[in-house]
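Q: Could we go through this structure together, starting with how it is divided up and then moving on to the empty spaces inside it?

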Amino acid sequence: MTTSKTQVAIIGGGPSGLMLSQLLHLKGIETVVLERQTRDYVLGRIRAGVLEHGFVELMREARCGERMDREGEIHEGFSISDRGTMHRIDLEGLTGGQTVMVYGQTELTRDLYDAREKMGGIVIHEAEDVQPHDMTTDAPYVTYTKAGETHRIDCDFIIGADGFHGVSRKSIPADQIREYEKVYPFGWLGILSETKPAHDELIYARSDRGFALCSLRSQVLSRYYVQVPLTDTVENWSDDRFWDELKARLPEDVAARLETGPSIEKSIAPLRSFVAEPMRYGNMFLAGDAAHIVPPTGAKGLNSAASDIYYLYHAMLSHYENGDDSGLDAYSDTALRRVWKAQRFSWWMTSMLHVFPDHPEFDQKLQSIELDYFLSSEAARTSLAENYVGLPF
Ligand code: APR
Ligand code: PHB
C-alpha cells in the first residue's frame, strides 16, 4: 500500500467535487479528487443546463467562466404553456434584473477539468473501491485501488461529492443519518437532437397528455423531454413517436414550427426528491447529489450542488486561513436550509405541471386552478421567478 497526504480528499469528480477542488487550490489549499470513472465517461453524461447567477459567479471565481461567458446564453425569461396557451415568465422584469444562463453541464464539467489540468490539480480517474475511514477522528483517510494497487490518502477532511449512488453517504452509520424521499409515478424521456430549438427560450408545457419541456444547449442543439410512465423504455419510443407526442403537448404554432431530426441521445430518467440529513459526519462533509436529488422540473439539481460548494468553500477558507470552524459547524444547517427551499420549489413545479393519473378529481381541479392563479397573478409569478433565478446563497 502506498500512502500520501493532502488537506482535503474529495470523493467524486463531478461538477461538485471539481469545483470545490478548483476553488480551494486557487487559495493554496491542497486537494485530491478521486473519480471512479474515466474523464470521457463523466463527460459523456448528458445533464441539465440552466445555471443560476450564483453558479455563474462561482464559475468565474474559480477562473472557469471564460467559455461559459462566451458561449452560454443569457435567458431573461421562459414560458409556461398551459394546455396550448403560452404565458411568458419575465424573469428579468419580475426579479429586478436577474436572469439565468443556459450552458450545458457537460461543457461546464469540461471547463472544470481543463482548469484542474492547467493548474496541475490532482484528479485520479478509475479509482476503484474508494472508501472513507475514521471520519469521526482528526485523522481521517481514504483508501482506493487503482490498477490492482491499494493506496491510502491521509487528510484533514473528506468531501463526499460522489453523487446519489456514491460510497460516502452509504459509509455513514444508519443511525447517524436520516433520509427523506419522494418518488414520482413517472419519468422524463429526453432526447438531444442537432436541430434548431423550437423557441428562443425554454417552454415548460402542461397538457392533458402529460408534461413536456423544450430546452436547448445552443442554437444548433436542442433538448426535449416528455413525461412518460415508469414502465416505458427507450425501445418503446422511436424518434417519430417522440416528435409526434412532443408536438401534441405543445401549442399549435410551436408544434407547426418545430424542427425535427434524428436523436443523438435518448434516455429515460425517473423523477425523485431526496434529502439526507445532516450533511456532515465527523470530518466528512456531503455535497451535491450525494446528499440531495430534486426532480428536474425546476432546474435546481446542479444549482443546489453549487450552493453547497459555496458554503463549504467559505467554511474551509475560514478554517485554514483563520482557524475559525464556525462555518464548518454551521455547514449542514446552512446548506440544508437552501436545499429544502430548492426541494420545495422543484416539488411544486413538478406537481403543478405533470399529469398525476392517480390523483382524485378534486386534486386535479385544484392543480388546474393553481396554475391558472400563478399565471394570472403578478405576485405569484414574482415568487416563481424569484425561485427560478435562484434564492440568494
Ligand atoms: N468513488 C469515486 N467516485 C464516485 C463513486 C465512488 N464510489 N461513486 C460515484 N462517483 C463519481 C461519479 O462517477 C460522478 O462522476 O462521483 C461523481 C458525482 O457526480 P454527479 O453525480 O454529477 O454529482 P455532483 O458532482 O454532485 O453534481 C451535481 O446535480 O442534478 C445534478 O445532474 C446534476 O450531476 C449534477 C449534480
Ligand atoms: C435541460 O436543458 O436539460 C433542462 C432544462 C431545464 C430543466 C430541466 C432540464 O428544468
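A: Before any distance between domains is given, it helps to say that the domain bounds come from an automatic or database domain assignment. Please also keep in mind that this is a predicted model.

Q: Okay, so which stretches make up domain 1 and domain 2 in that assignment?
A: Domain 1 is put together from residues 2-76, 98-181 and 272-350, while domain 2 consists of 184-271 and 357-389.

Q: And what separation do you get between the centres of the two domains?
A: Taken over C-alpha atoms, the centres of domain 1 and domain 2 lie 29 Å apart.

Q: How many residues are in contact across the two domains?
A: On the domain 1 side there are 29 residues in contact, and they meet 23 residues of domain 2.

Q: Switching to helices, how do α1 and α6 pack?
A: Their axes are 10 Å apart and make an angle of about 35 degrees, and the crossing of α1 past α6 is left-handed.

Q: Which residues make that contact?
A: From α1 the contact takes Pro-15, Leu-18, Met-19, Ser-21, Gln-22 and His-25, and from α6 it takes Gln-105, Leu-108, Thr-109, Leu-112, Tyr-113, Ala-115 and Arg-116. Sorted by class, the contact of α1 with α6 has 7 nonpolar, 5 polar and 1 charged residues.

Q: Now the pockets: how much space is in the second largest one?
A: The second largest pocket holds about 280 Å³, and among the 13 residues lining this pocket, Arg-63, Cys-64, Glu-66, Ala-115 and Lys-118 are the closest to its centre.

Q: Which helix gives the most to that lining?
A: That is α6, with 4 residues in the lining of the second largest pocket. The elements that each give two or more residues to this lining are α1 (15-26), α4 (66-71) and α6 (105-118).

Q: What's the mix of residue classes there?
A: The lining of the second largest pocket has 7 charged, 4 nonpolar and 2 polar residues.

Q: How many cavities of 30 Å³ or more are there?
A: There are 4 of them, and the largest cavity has a volume of about 50 Å³.

Q: What lines the largest cavity?
A: Its lining is formed by Gly-14, Pro-15, Val-42, Arg-45, Arg-47, Gln-105, Thr-106 and Thr-109, with α6 giving the most, 3 residues.

Q: And the second largest cavity, what volume does it have?
A: The second largest cavity comes to about 40 Å³, and it is lined by Glu-52, Lys-300, Arg-338, Lys-341, Ala-342, Asn-387 and Leu-391. Helix α11 (residues 326-353) provides the largest share of that lining, 3 residues.

Notes. Residues are numbered from 1 along each chain as its sequence is written. Chains are lettered from A and ligands numbered from 1 in the order in which they are written. This is a predicted model: local features need pLDDT of at least 70, side-chain atom pairs count only at pLDDT 80 or more; totals for chains, interfaces and linings use all residues. Side-chain values use heavy atoms; hydrogens and water are left out. On a 1 Å grid over the protein atoms alone, a cavity is a set of points where a 1.4 Å probe fits but cannot get out, and a pocket is an open set with protein on both sides within 12 Å along at least five of seven lines; lining residues have an atom within 4 Å of a point. Grid points are joined across faces, edges and corners, and a volume is the space filled by probe spheres set on the points. Ala, Val, Leu, Ile, Met, Phe, Trp, Tyr, Cys and Pro count as nonpolar, Asp, Glu, Lys and Arg as charged, and the others, Gly among them, as polar. Axes are lines fitted to C-alpha atoms, for helices over the stretch in contact, and angles run from 0 to 180 degrees between N-to-C directions. A crossing is left-handed if the near helix is turned anticlockwise from the far one by less than a right angle, and right-handed if clockwise. Contact means heavy atoms within 4.5 Å.
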